[in-house]
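The exercises below ask you to read a two-chain model step by step, each task being followed by a worked solution. Please keep the sequence and the coordinates open while you work through them.

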Amino acid sequence: MAELPGQIQRMNGGINQLLEQIFGFSRRCLFRVISMGPIPNHLAFIMDGNRRYAKKCGLEEGSGHKAGFSALMLMLQYCYELGIQYVTIYAFSIDNFRRQPEEVQSLMDLMLEKIKSLLEKESIVHQYGIRVYFIGNLALLNDQVRAAAEKVMKATAKNSRVVLLICIAYNSTDEILQAVKKSCINKLDNIEASGSCKHEDTDSDIEAKDMENQEKKIQLVDIEENMQMSVAPNPDILIRSSGETRLSNFLLWQTGNSQLCSPAALWPEIGLRHLVWAILNFQRSHSYLEKRKKQL
Amino acid sequence: MLSLRVPTPTSFRRLHAGRSRLSRDCLISYSPSFVNRGVRLRVRSTKSEVVFTPTEEEEEEVTLPEELQPELMPKHVAIIMDGNGRWAKNQGLQPWDGHRAGVEALKEIVELSGRWGLQVLTVFAFSTDNWIRPRIEIDFLFSLFERSLKSEFQTLAKNNVRISIIGDSSKLPKTLLRLINEVEEATKNNTRFQLIVAVGYSGKYDVLQACRGIAQRVKDGEIDVDEIDEGLIEQELETNCTEFPYPDLLIRTSGELRVSNFLLWQLAYTELFFAQELWPDFGRSGYIEALMSFQQRQRRFGGRKS
């Protein structure tokens, strides 16, 4: 009789495993069907609603973010299974530093723990061969988190299958500002360098002078190549959970032509159906957009 | 004509229209108008036929629709006027008929915005991406713009509206450029409401020209590279023509879920609203729906609302 609870547990475990395998199989079938149409190359997520989720479920403070992390791992798994190559997530904004110090500290501790876990053998990084980038003003982070982030970037530098960009201490306006600064410095250095060579050249005709003036002016590519997000193409879809429809200073430069989705679900509640819905919508407008891109 | 106009303290907003007797044969009726518009008084005497009524400019009805709350109205609304071509196609008309209908819709929205107390309205008239359209359509669009500007300029100037045009004006026809300069110069001191029209504009181009301006200032020794900050970029962007460069609400019609490179930097914390209607059908009801949606949103700017 004492063996009964143990047997029931084993049966439960067995049933769970079976169910998981069935779900996994159906999911892969679904993905194969969706892949008949165009699949986005780059997906971006604003993971909004963790604290509201904790409040809603009556959990303690901070557990909303932990639930959010599990949801994130699930979404990453779905994205990479589907064949999406780049995924960007908005982990922590520069504006979030304005929150209560205790909350900021607990978020930093959680991020440190999770960043370190990425280096473990069983982590999703090794499972999918992910190259990880940390995008943002890393100087604003404390030393431990920054060191851990740099370690992960170095360790995954050789991975090439898929890419995960984690925006931490990030603001789009800050990113643009840094790119503008770098472009100014580079251009001024170039002008100085070329100016010293062209000292004796006084017979240049008007055309050459025009070209020179054009070269002296900063071009769009100068700014773009100095953006931290230039390691990835522009996102095709931006998904913000919790139903808010705003960009909140995230990837303003890169989402000019991205499709914007704002499912009402809070981030820990996000699931496969939201991802599938976003991709189906993307496929609907894709052919029209491709035509426009070719015209441009 | 006499008009009695007093500044409105906030408590006046709670007053309802009413009437009271000044004397046995003299009635005074008053109705509170919208914020900053004062109180409108009408004095009617039964003995004489004299009626003191407000001057013509204040005749218009300025109360907000009851669905909207005055204290939650946005200061700056931006609109992407999408869907003229599709509207024309649905009606079996030519694309330029769609644009004409679009201008009529725009007139209505500008009037409502002014009446409902908005400070700035920015509209996306022509993007840098639109240059690929057929030449005949582009020429029509610019001539339509010129005609509309000429015909509406007087009304807008009389109503104390400031008009600003932003965007890369280098490719615009010379006559249009001259008209734009005239209009901007003539209305630059108007203060009640500002209409910003983006023509040949793209958010990236705006940041690029701001960057060039800053680089020039650094080269001239006016500022140091280390002094470049977000405030400086904001000053150099084309939206520096207004006191409120950041839209509170962005509306895009025709159901497309994209920003299409409009106002990049300025949209950092803007609430986005995507309307299903095509632009010529947008009108008053669509506008009210968008503003109602805005008023229900919780804006946190990265912080927390505890």
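A salt bridge here is a side-chain nitrogen of Lys or Arg within 4 Å of a carboxyl oxygen of Asp or Glu. This is a predicted model, in which local features need pLDDT of at least 70 and side-chain atom pairs count only at pLDDT 80 or more, while totals for chains, interfaces and linings use all residues. Residues are numbered from 1 along each chain as its sequence is written, chains are lettered from A and ligands numbered from 1 in the order in which they are written, and side-chain values use heavy atoms, with hydrogens and water left out.

**Exercise 1. Describe the interface of chain B and chain A, beginning with how many salt bridges the rule finds across it.**

Step 1. The rule finds 2 salt bridges across the interface of chain B and chain A. Glu271(B) forms a salt bridge with Arg246(A), with the closest N and O atoms 2.6 Å apart.

Step 2. For polar contacts, the criterion is a pair of N or O atoms within 3.5 Å, where within protein one must be able to donate a hydrogen and the other to accept it, and residues adjacent in sequence count only if both atoms are side-chain atoms. Across the interface of chain B and chain A, 16 residue pairs are in polar contact, both residues being at pLDDT 80 or more.

Step 3. Next, assign the chain B side to its secondary structure, where helices (H or I, at least four residues) and strands (E, at least two) are DSSP runs numbered from the N terminus. On the side of chain B that touches chain A, α5 (203-219), α6 (230-236) and β10 (271-274) of chain B each supply at least two residues. The largest share of that side, 9 residues, comes from α5(B).

Step 4. With contact meaning heavy atoms within 4.5 Å, chain B contributes 41 residues and chain A contributes 46 residues. The buried area, which is the accessible area (1.4 Å probe) that two parts lose on being put together, summed over both, is about 4000 Å² for chain B and chain A, with 61% of it on carbon and sulfur atoms.

**Exercise 2. Which strands of chain A does β1(A) pair with, and how are the side chains of β1(A) arranged?**

Step 1. Set the context: chain A has 10 helices and 6 strands, and its C-alpha trace spans about 105 × 45 × 35 Å along its principal axes.

Step 2. Check burial, where buried means under 20% relative accessible area, exposed over 50% and partly exposed in between (1.4 Å probe, protein chains only). In strand β1 (residues 42-46) of chain A, 5 of the 5 residues are buried, so β1(A) is largely enclosed by the rest of the structure.

Step 3. His42(A), Ala44(A) and Ile46(A) point one way from β1(A), Leu43(A) and Phe45(A) point the other way, and all are buried. In a regular strand the side chains alternate between the two faces of the sheet.

Step 4. Two strands pair if DSSP finds at least two bridges between them. β1(A) runs parallel to strand β2 (residues 86-93) of chain A, joined by 5 bridges, and Leu43(A) has Val87(A) as its bridge partner in β2(A). β1(A) also runs parallel to strand β5 (residues 237-240) of chain A, joined by 4 bridges, and Phe45(A) stands opposite Ile239(A) in β5(A).

**Exercise 3. Characterise Val197(B) and Asp82(B) in terms of location, burial and contacts.**

Step 1. Chain B has 7 helices and 10 strands, and buried residues make up 51% of its 306 residues.

Step 2. Val197(B) is found in strand β8 (residues 193-201) of chain B and counts as buried because its relative accessibility is 7%. Its C-alpha atom is separated by 4.9 Å from that of Ile165(B), although Val197(B) and Ile165(B) are 32 residues apart along the chain. Leaving aside residues up to four places away in sequence, Val197(B) touches six listed neighbours, among them Val123(B), Phe145(B) and Ile165(B).Step 3. Asp82(B) lies in the loop between β5 (76-80) and α1 (84-91) of chain B, and at 17% relative accessibility Asp82(B) counts as buried. Not counting residues up to four places away in sequence, Asp82(B) touches residues including Arg252(B), Glu256(B) and Trp279(B).
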